Amino acid sequence: MTDRLLQCVEARTDDLVALTADLIRFPTVNPPGEAYRPCAEFIAARLKKRGFGVELIRGEGTPGDNDRYPRVNVVARFDGRSPGPTVHFNSHIDVVEAGEGWTVDPFAGVVKDGRVYGRGACDMKGGLAASIIAVEAFMQAYPDFPGAIEISGTVDEESGGFGGVAHLAGKGYFSKPKVDHVIIPEPLNKDRICLGHRGVWWAEIETLGEIAHGSMPFLGDNAVRHMGAVLAAFEADLFPALDRKQTSMPVVPEGARRSTMNINSIHGGQTEDFRPGLPSPNVPDSCRLTIDRRFLLEEKLDEVKREVIDILDRLKRERTKFDYRIRDVMEVQPTMTERDAPVVKAVAEGIMQVFDREPDYVISPGTYDQKHVARIGHLFDCIAYGPGILDLAHRPDEWVGIDDMVQSAKVMAIGLNVLLRSGRS
Ligand SMILES: [Zn+2]
């Protein structure tokens, strides 16, 4: 019944490969935010030719934005012949640096053995290209469709999304009534639907001491030793408690199906530089620790903070001269779209038709731009679905499979058909 639609996708296979390679050739490396404008303009020019209204929106004043590295986003919209819901495909155009270990040029868009290689091939220029092809095929198959389709290419996802989706969400681009359903084609494997992600709390803990000559440490108070007591208490009490917290969220990989905390960094004392300088001869009066706590739908953020603060307060009671400061660095609430939400059911229908099986429903261990759609846009009918193998992201010789892209473009096209035409054939 959707045969014609699937044929329209399949007929565009060469175009899909070429588009992916073209997108890879823009070295949109973040940081610092290279080539954002030409990449956004390229997407805008393509969609304009197909009748989309396009806007380039710069994240003025957002982190990293300046005239050398402007944070330029593109939003394209096509209104159908009659009123109806709006489906929005959002992809980030930024990529992480290439790094070492490549056997092909990471920004050449090399095509070989049924794959497209390059930095961003799977995360997520392949997904962006697949969504554009899905939309163009759908528009050809059903030119009279109701509702509207939007495609955006946004910046800075890899550094928090502040100049990209967060900026646009603040301007109403990810809210009703402008948009009803959002699909983010992140590389989460072609037969899986990602419903959301765990929460994040980053904080900096500082222990305080008193400076003195290193030869007479008893005259001062050593902040690094105080931090040692903090780490010992975390090892004894906090880490085992986090390990015991299981979640009903279907997080992948399974090791992340509980609470976790990483110690991101620790710095204490003045300089430790022996080459070419000299180390500090002092008792350190400050030691700073950054923690990255990932939490679950079953947890409340204030309880997550309380666990850490209770340990610090206990040390303050029990340990002579112990004092501390704590500062929030970042907070993201966990989010999980309902399984019976329209966008989930529509994409699940596509997966069943293309792969003849039920999708896997997963939750991402880390966050992505869905957080801004939910928190700023208050739009909860949002998922991540796209081609590409998650484990290949950010690695050397990153690639995306051509068959995978074609199949997931078919899934997206069927999803569009269900959402806009209620599954009419
Ligand atoms: Zn990504």
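I began at Pro32, which is found in the loop between helix 2 (13-24) and helix 3 (36-49). The model is a predicted one. A cis peptide bond joins Pro31 and Pro32, and I read omega there as about 10°.

I then looked up a second cis bond, from Val252 to Pro253, with omega near -5°. Pro253 sits in the loop between helix 6 (223-244) and strand 10 (260-268). I noted both because most peptide bonds are trans.

Next I turned to positive phi values. Asp113, which is not a glycine, has phi near 50°. I placed Asp113 in the loop between strand 4 (111-112) and strand 5 (115-117). Its relative accessible area is 68%, so I entered Asp113 as exposed. Asp356 also has a positive phi, about 60°, without being a glycine. I found Asp356 in the loop between helix 8 and strand 14 (360-364). With a relative accessible area of 70%, Asp356 is exposed.

Zinc site. I listed the donors of the zinc ion as His92 (NE2), Asp123 (OD), Glu186 (OE) and Glu186 (OE), at 1.9 to 2.8 Å. The angles subtended by the four donor atoms run from 51 to 144°, so I recorded the arrangement as irregular. For a tetrahedral label, all angles would have to lie between 85 and 135 degrees. The donor residues follow the spacing H-x30-D-x62-E in sequence. Asp123 belongs to helix 4 (residues 121-141) and Glu186 to the loop between strand 7 (181-184) and strand 8 (192-197), so this pair ties together parts that are 63 residues apart in sequence. I checked burial for these two: both Asp123 and Glu186 are buried.

From Asp123 I followed helix 4 to its packing against helix 10 (residues 402-421). The two axes come within 8 Å and cross at roughly 50°. That angle makes helix 4 oblique to helix 10. I entered the crossing of helix 4 past helix 10 as right-handed. On the helix 4 side the contact includes Gly126, Gly127, Ala130, Ser131 and Ala134. From helix 10, the contact residues include Met405, Ser408, Ala409, Met412 and Ala413.

I took Ser131 as a sample of this contact. Ser131 is in helix 4 and has a relative accessible area of 0%, so it is buried. Not counting residues up to four places away in sequence, Ser131 touches Phe89, Ser91, Pro185 and Met412.

Helix 10 also packs with helix 8 (residues 342-355), at an angle of about 130° and with the axes 8 Å apart. I therefore put helix 8 down as oblique to helix 10. The crossing of helix 8 and helix 10 is right-handed. Among the contact residues of helix 8 I noted Pro342, Val343, Ala346, Val347 and Phe355. Those of helix 10 include Gln407, Lys410, Val411, Ile414 and Gly415.

My last entry is Ile291, in strand 11 (residues 286-295). Its relative accessibility is 0%, so Ile291 counts as buried. Leaving aside neighbours within four places in sequence, Ile291 is in contact with Trp201, Trp202, Ala203, Ile205, Phe234, Met261, Asn262, Ile263 and Val308. I also took a distance to Met352: Ile291 and Met352 are 61 residues apart in sequence and 41 Å apart in space, C-alpha to C-alpha.

Technical notes:
Residues are numbered from 1 along each chain as its sequence is written. This is a predicted model: local features need pLDDT of at least 70, side-chain atom pairs count only at pLDDT 80 or more; totals for chains, interfaces and linings use all residues. Side-chain values use heavy atoms; hydrogens and water are left out. Donors are N, O and S atoms within 2.8 Å of the metal (3.2 Å for Na, K and Ca); water is not among the atoms, so sites may look incomplete. Four donors count as tetrahedral if all angles lie between 85 and 135 degrees; four count as square planar and six as octahedral if opposite donors are over 155 degrees apart and all others between 65 and 115; anything else is irregular. Helices (H or I, at least four residues) and strands (E, at least two) are DSSP runs, numbered from the N terminus. Buried means under 20% relative accessible area, exposed over 50%, partly exposed in between (1.4 Å probe, protein chains only). Axes are lines fitted to C-alpha atoms, for helices over the stretch in contact, and angles run from 0 to 180 degrees between N-to-C directions. Angles under 35 degrees count as roughly parallel, over 145 as roughly antiparallel, 65 to 115 as roughly perpendicular and the rest as oblique. A crossing is left-handed if the near helix is turned anticlockwise from the far one by less than a right angle, and right-handed if clockwise. Contact means heavy atoms within 4.5 Å.
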